[in-house]
Amino acid sequence: NMDQIRKLCQKALWIENAHVMGYGEVNEICDQYEEYCKDIKKKAAEEKAKAEAAKQNSENQPKTESVE
């Protein structure tokens, strides 16, 4: 829980996929992490919307039949 981390800690180390993303004052690092999470969620929602739009578009295309 981010609130508990902010209350209990003075410093924070943020590690993401084996990479140090930040180290420092707890509120600064928590703010950076929360902003990162918001960005990830926003990008995921945008990708989902694009995929759904592409699916809708392909479903609305006229069907063509091959003539032999």
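**Contacts, core and cysteines around helix α2**

Apart from neighbours within four places in sequence, Y23 is in contact with K11, A12, L13 and I29. These contacts are described for a predicted model. Y23 belongs to strand β2. The C-alpha atoms of Y23 and A12 are separated by 5.6 Å, although the two residues stand eleven residues apart along the chain. Y23 is nevertheless exposed, its relative accessible area being 56%.

Strand β2 spans residues 19-25, and helix α2 comprises residues 26-60. The N-terminal end of α2 is capped by E25, a side-chain oxygen of which lies 3.1 Å from the backbone nitrogen of N27. The helix has 35 residues, and the distance from its first C-alpha to its last is 51 Å, close to the 51 Å expected at 1.5 Å a residue.

Within α2, the residues V26, I29 and C30 are buried. The elements that cover the buried residues of this helix include α1 (2-8), β1 (11-16) and β2 (19-25). One of the buried residues, I29, is also among the contacts of Y23, while C30 is among those of M2. With neighbours within four places in sequence set aside, M2 is in contact with C30, Y33 and E34.

The largest nonpolar core is made up of six residues, namely M2, A12, W14, V26, I29 and C30. Helix α2 gives the most to this core, with three residues, and both β1 and α2 supply at least two residues each. In soluble globular proteins, nonpolar side chains tend to be buried together. A12, a member of this core, is also one of the residues in contact with the exposed Y23.

The cysteines were examined for disulfides, and the structure holds zero. For C30, the closest cysteine sulfur is that of C9, and no bond is assigned because the separation of 7.7 Å is too far for one, the cut-off for a disulfide being 2.5 Å between sulfur atoms. For C37, the closest cysteine sulfur is that of C30; at 10 Å, this separation is likewise too far for a bond. The accessibility of these residues was also computed. C30 counts as buried because its relative accessibility is 4%, under the 20% limit. C37, with a relative accessible area of 23%, is partly exposed. C30 therefore remains without a disulfide partner at 7.7 Å from the sulfur of C9, yet C30 is part of the largest nonpolar core.

Definitions and conventions: Residues are numbered from 1 along each chain as its sequence is written. This is a predicted model: local features need pLDDT of at least 70, side-chain atom pairs count only at pLDDT 80 or more; totals for chains, interfaces and linings use all residues. Side-chain values use heavy atoms; hydrogens and water are left out. Helices (H or I, at least four residues) and strands (E, at least two) are DSSP runs, numbered from the N terminus. The expected span of a helix is 1.5 Å times one less than its number of residues. Buried means under 20% relative accessible area, exposed over 50%, partly exposed in between (1.4 Å probe, protein chains only). Contact means heavy atoms within 4.5 Å. A polar contact is a pair of N or O atoms within 3.5 Å; within protein, one must be able to donate a hydrogen and the other to accept it, and residues adjacent in sequence count only if both atoms are side-chain atoms. A nonpolar core is a set of buried Ala, Val, Leu, Ile, Met, Phe, Trp, Tyr and Cys residues joined through side-chain atoms within 4.5 Å.
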